[in-house]
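Open the model in your viewer and keep the sequence panel visible. The stops below say what to select and what is there.

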Amino acid sequence: MRRSKSAKLSHNPNITVRRSERLADNFKKLPDDLIIKILFKIQDDTKTLIRCSTVCKNLHSLVSKIDTVSLKFLCPNEGDDDDDVLLCSQSHHHIPQVAFPALMKVFANLNFLEIKLCSFPSSSNLHVSRLNCVIGDCDSIHCELIFAIQVGVLSSTRRGRNIPLKLNGKFDTSFAETMMFFLKKMVPHWPKTLKKVVILSANMQGSGSRGKVFIGEEELDNFVDLISTSMVYESWLNWLNNPKNVTYWSKDAQNDEHSWLRENVWILYGLGFPWVKDRVTTDIVVMESVVKELLGAFE
């Protein structure tokens, strides 16, 4: 059977090349302002932006005008080897750490940089954390570290008479040191235009469908005291529902009537400090909105 003339043309490699050339010529005719708008629309897709920057000198120059990017790395181990990283349980794309200096040359006019560190599930306790770094005059850096660690499980029913709260004996905060270590390695390569850096880290593997109670250290001690003096289910429920006691309660959607308590308990910490060798920390009050932002970053 004979193929039609149009079918033959569609399989002609010379015609395909000419089409590509025409598309490239048409793209070159676009004004720079319009190309920049297009690039800003895909600024969350760092991989595509990097590819665009390698096409030609003009696109490289336009990509460098992007002022906000988000990068994803594997968690580093605290060694001298740049390839010494913790493995990730997910199959998504990671940027090699050794590529960071070159990336900062591509995005030479950054104002805001977000970095997500992926960690292997067994590397630490379940946690979510955020390190905010605001860069001031003379390269001064003020940091705020906010993190939550799962420290126990709250499980009981209205008729239950068992102790409802089981706390872990110890918890690992090595992820916080890892974030500071990563920050230290990145600082020498930042562009001069950079004003704010946010480093996010989380290990939510295995947290399940339970509700999540986020609470301060002092408030957790108060709740433990309440349980030791009262075995009344309603008194626990009333205490948890009081916003003065609990920063945020992400409730189980299947337990609207609170027929039972089946919650993971997370303890909250907030610290502020300047980026200096002998840093002095100050406590930060962690608000409900901040906890929601932390959880939303890893959904």
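Start with residues 29-65, which an unreviewed UniProt entry annotates as "domain: F-box". Keep in mind throughout that the model is predicted. The span 29-65 is 68% helix and 0% strand, and the C-alpha atoms at its two ends lie 19 Å apart.

Within that selection, pick helix α4, residues 46-53, and find K47 in the helix. K47 is partly exposed, because its relative accessibility is 41%. Add L71 to the selection: L71 and K47 are 24 residues apart along the chain, and their C-alpha atoms are separated by 9.1 Å.

Next, show the cysteine sulfurs. How many disulfides does the structure hold? The count is zero. C133 is in no disulfide, with the nearest cysteine sulfur, that of C143, 3.8 Å away. The cut-off for a disulfide is 2.5 Å between the two sulfurs. C133 counts as buried because its relative accessibility is 0%. Now move to C52: its closest cysteine sulfur is in C56, at 9.4 Å, and so is too far for a bond. C52 is also buried, since its relative accessible area is 18% and the limit for buried is under 20%.

Now select strand β6, residues 196-203. Seven of the eight residues in β6 are buried, so the strand is mostly covered. Which strands pair with β6? Show β2, residues 112-118: it pairs with β6 in the parallel sense over seven bridges. To check the register there, label L117, which stands opposite S201 of β6. Then show β3, residues 127-135, which runs antiparallel to β6 and is joined to it by eight bridges. A pair to label here is V128 and its bridge partner in β6, A202.

Move on to strand β7, residues 211-216. Is β7 mostly covered or mostly open? It is mostly covered, with six of its six residues buried. Turn the strand to view each side: G211, V213 and I215 are buried on one side, and K212, F214 and G216 are buried on the other.

Keep β7 on screen and add its partners. With β9, residues 260-274, β7 pairs in the parallel sense over six bridges. G216 has L268 of β9 as its bridge partner. With β8, residues 248-250, β7 pairs in the antiparallel sense over three bridges. Label F214 to see it opposite Y248 in β8.

From here, go to the largest pocket, which has a volume of about 400 Å³. Of the 20 residues that line the pocket, select the closest to its centre: G216, E219, T247, V285 and V286. Colour β7, α8 (217-229) and β9 next, since each supplies at least two residues of the lining. Which of the elements gives the largest share of the lining? That is β9, with four residues. Coloured by class, the lining shows 10 nonpolar, four polar and six charged residues.

For the last stop, select D283 in strand β10, residues 282-283. D283 counts as exposed because its relative accessibility is 70%. Add G270 and display the C-alpha atoms: D283 and G270 are 13 residues apart along the chain, and these atoms are separated by 5.7 Å.

Conventions
Residues numbered from 1 in each chain as written. Predicted model: local features only at pLDDT ≥ 70, side-chain atom pairs only at ≥ 80, totals over all residues. Heavy atoms only, no water. Buried < 20%, exposed > 50% of the residue type's maximum accessible area, 1.4 Å probe, protein only. 1 Å grid on protein atoms, 1.4 Å probe; cavity = no way out; pocket = protein on both sides within 12 Å on 5 of 7 lines; lining within 4 Å. Points joined across faces, edges and corners; volume = space filled by probe spheres on them. Nonpolar A, V, L, I, M, F, W, Y, C, P; charged D, E, K, R; others polar. UniProt positions renumbered as here; feature names shortened; annotations may be inferred. Pairing = 2+ DSSP bridges.
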